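Reader: Hello! I am new to this structure and would love a close look at one part of it. Could you walk me through the salt bridges?

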Amino acid sequence: MPLRLDIRKKLTAKSDRVKSVDIHPSEPWALTALYSGNVMIWDYETSSCVKSFELSELPVRCAKFIARKQWFIAASDDMKLRVYNYNTMEKIKEIEAHHDYVRFLEVHPSLPYVLSCSDDMTVKLWDWNHDFECTQYFEGHQHYVMQIKFNPKDSNTFASGSLDRSIKVWGLGSPVAHYTLEGHERGVNCIDYYPSGDKPYILSGADDKTIKIWDYQTKSIVHSFDGHTHNICAVLFHPKLPLIASASEDGTVRLWSSTTYRAESTLNYGMERAWSLAATKESNMLACGFDEGCVVVELGSDDPVASMDNTGKVVWAKNNEIQTANVRGLASASGDEQGLPDGERLPIIPRDLGSCELYPQMLKHNHNGRFVAVCGDGEFIIYTAQALRNKAFGQALDFVWSGTGTGDYCIRESISCIRFFKNFKESNSIRPATSSAEGLFGGHCVGVKGGDGSILFYDWDTGVFIRKIDVDAKDVYWSDAGNMVCIATNDSSYVLSYDAQATASAVAMGQTNDEVGIEGTFDLLYEISDTVTSGKWVGDCFIYLNNGGRLNYSVGGQIQTLVHFETSAAGTTKHSILGYLAKEDRVYVVDKSLNITSYSIMLSVLQYQTAVMRGDFDAANELLPTIPEKEYTTVARFLESQGFKEEALAVTTDPDHKFDLSLELGQIDVAHALLQETSEEDKETTDTMAKWKRLSDAALKESNFELCEAASVSSNDFAGLLLMYSAIGNLEGMESLAKAAEADGKTNIAFSAHFLTGNVEACANILVKTNRLPEAAFFARTYIPSRIDEIVALWKDDLSKVSESAAEALISPSIDKDSFPDFDVAVQVEAMFVAQRAASKQTGIPATDYLTAKDDLDLDLIELVKSQTAAAPSVVNEEKVPEADIPVVEPVEDDVDMDEQAEIADDTEAKALEEARMEAAAKAERLQAEVEAEAFATAEAERLQAETEAEAAAAAELLQSNVEPEATEEVSKKGSADDFGDDW
């Protein structure tokens, strides 16, 4: 049977003629050397050009990656070699290499050597550790040397192919060829060595349109391939697949089996002549260079072909070689030794089981691990898992194991025939009720993938049709108990329950229908909106890897992420799930390079979560003590996701999680207690401050002002304190806030707090301290006129550093008082404000006075003082209440008739008289207080006026003493102020 390899095109890059291609071993890059003189690097995952280099005006015939140095080396028709760093694009070296065109370059797999061959019929060895010095010279061909290749089995030898129709094998220590292989009728263009050491083969292609395989030990031709219709330009053994590829000037790339030598496939992309090929052992990629560009194809799947049984034994395939190892106990702690951390590569010791007769594309254990089946090339072989002895074999497009029987399996013989085997003997065959059976899935039921985008389930024992489900299934995963199944598609997955009892009952009673199946066997439980690439059931929990590289598990539709894996350049996962060992509580994962890692997933945790999802809290409470305390936080987060926050708070051991839950549940006292337990070194951290802030917000919502204040102080939440203190009228708190904010550099908060407490002097000081001198000057003009001169002087001094003229334009009251109308009155108002503030500082202003005090904000104090000062003398005379105006109640004489007196002075008039007396007394007291305040203001104004006049007199006296006597006499004679000014 031919190899069933899906060939998928990854890159088509149109360009000038591609003379050489190479694939990077670790990056998804293809390197192309163009006839136009350029070298380009293409990303075949994203189909984009990564880098482009202009090397020469002449053709570049070969370019190769030197990945361990992050270089590439290129040979062009100007006979030079050029080395570039492909990351920095820096030219490392340029070498005059040969006397004619350089045809090919070969990089040594381990040593710092590069071989070059040329039309000058020589081969040279270059050592990059010695500045690319030519250390050896090989001569012996009689025509152009077209290609050279190192022997992977012995890297000290290499072979060369020449247009003199020969292949020569050389050693690095000798300038003379060891031997020559002759057999082609025309010039040899290309050669390659068999990649593994078990076959001593050399592959060659020539202008005689043939490809030959040589045994270099016997010097004989093993096989000759015919099929191309023009010169053969490139040949290679694929280093990972059992394939031979050849490229010809007939425009085709042909694939041949390296074991049977059958022609497998022909690739023709209509891009004219094919010139070069490249592949790597790290991937299934094949790069092809044509006249019109480059094509990169993926041959089959590069997913690892491996399987693990329930005891930890792993079997995998490398090409046709089958190997095994046991991972049990490698990651777990034993004795005093600590276990490997999650994600650490397991130190497995592989054991060779032997070689498989076919190329494995699928490898799978049966349900108890006693047998392993290998499928590929349209055939299957069943081996014993321990010694790889044949148990059964046959032809099949697909092979699947039963989920229960040891020797029960099923094969897809063709698109219309499915055969069942019980204990390795055929028991039944069916013709699926679909136009074409495109695939087969095993487990507790046989699943047949229909050509109409559906999956059909059949019973293992009877072959009875159970149910058709209209989803385009990519894979099917059954739980060990067989009660649940996950059907994975390209976009999402569906988890269904399966009633095996209903199926058995219907089959026993004959209640089956070949068209609709058996009702009530499958029910949809939930959908996973994720692309599942591999999965494993553990109880009722489904562990899976998605296409984005995340290892998740689903319990009742709730997804939990365990770890994020590194993905490919296209963002797809590079790992697959091998299996789960319940005794070690670990899931095992393998990557495409067959490196195995493990991750801890506690079985008790999964069982607890399953019980919670079922609503069985009694069982969950019984399971909780079996869970290690270090997993309690994981359990608590699961409970939180299910809405059981109180239970999560009781279970969690993570202080951060407990704090979050306590706030969500409104238990602010618990949150406060947690924060008080914070260690000294963590108290000033950003995280702790944020927690205090959240606690203060929560306390404020519950009107717990005491806790809100404490939390805000601890978190230095000055803005919150300002809001709270101003809202509840806390004078002392506002004053302390002002000091704390100023000390912490929060000047805006400090200014607001000082302003609200009436400490305008401190506000002005803050403005001056922060060099906000213009604002300070205007603030002083409004609230502290006595400090205007001081602040303006500072402003002028600061402004003079920028502009002298602007600084001179500033004036103050001491320079020009006329420009400051009512300045003296403003000083009086300031004095009154200071006195009032001092009087009310001890007692404060009660909140009950707000309704009357709020109108004071609209008063024009300067106009009020001016009017009261002007009217003060007349007001005192006019408003003084004479004693005659005060009603006086005369005492009643004893001899007055009591009856008449009662009629005259009834109770109403007595009350009216009493109220009039009290009102008059209050009015007199208010007027007296206003008079005293005005008198105080007048006295203060007179004092300030006297001081001003004294300062003016002193200045005049000082000025007078400095004037010369003659000028003084002349001034006294003239007696004119204007003349004084002129003389001055």
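Which residue's side chain does the side chain of Arg8 meet in a salt bridge?

Author: Happy to help! Please keep in mind that this is a predicted model. The side chain of Arg8 meets that of Glu298, with 2.7 Å from N to O. Arg8 belongs to strand β1 (residues 7-14) and Glu298 to strand β28 (residues 293-299), so this pair ties together parts that lie 290 residues apart in sequence.

The two partners also sit in their surroundings in their own ways. Arg8 has a relative accessible area of 45% and is partly exposed. Glu298 is buried, at 4%, because a residue counts as buried under 20% relative accessible area.

Let us now set this pair beside others. The structure holds 36 salt bridges, and one of them joins the side chains of Lys746 and Asp744, at 3.0 Å from N to O. Here Lys746 is partly exposed, with a relative accessibility of 38%, and Asp744 is partly exposed too, with a relative accessible area of 38%.

Another salt bridge brings together the side chains of Arg787 and Glu790, at 3.1 Å from N to O. In this pair Arg787 is the buried partner: its relative accessible area is 14%, which is under the 20% cut-off. Glu790, in turn, is partly exposed, with a relative accessible area of 41%.

So far we have gone pair by pair, but salt bridges can also be followed as a network. Asp78, Lys80, Arg82, Lys91, Glu94 and Glu96 are linked in this way. If you have the 3D view open, try picking out these residues together.

To round off the tour, here is a polar contact that joins another pair of side chains. Thr503 and Tyr498 meet at 3.0 Å. Thr503 is found in helix α1 (residues 500-509) and counts as buried, with 2% relative accessibility. Leaving aside residues up to four places away in sequence, Thr503 touches Asp459, Ile466, Tyr498, Ile518 and Thr521. Tyr498 is therefore a residue to look for in both places: it is the polar partner of Thr503, and it appears among the residues that Thr503, a buried residue, touches.

Returning to your pair, you can now trace it in the view: start from Arg8 in strand β1, then look for Glu298 in strand β28.

Notes. Residues numbered from 1 in each chain as written. Predicted model: local features only at pLDDT ≥ 70, side-chain atom pairs only at ≥ 80, totals over all residues. Heavy atoms only, no water. Helix = DSSP H or I, 4+ residues; strand = E, 2+ residues; numbered from the N terminus. Buried < 20%, exposed > 50% of the residue type's maximum accessible area, 1.4 Å probe, protein only. Polar contact = N/O pair within 3.5 Å; in protein donor to acceptor, adjacent residues only side chain to side chain. Contact = heavy atoms within 4.5 Å. Salt bridge = Lys/Arg side-chain N within 4 Å of Asp/Glu carboxyl O.
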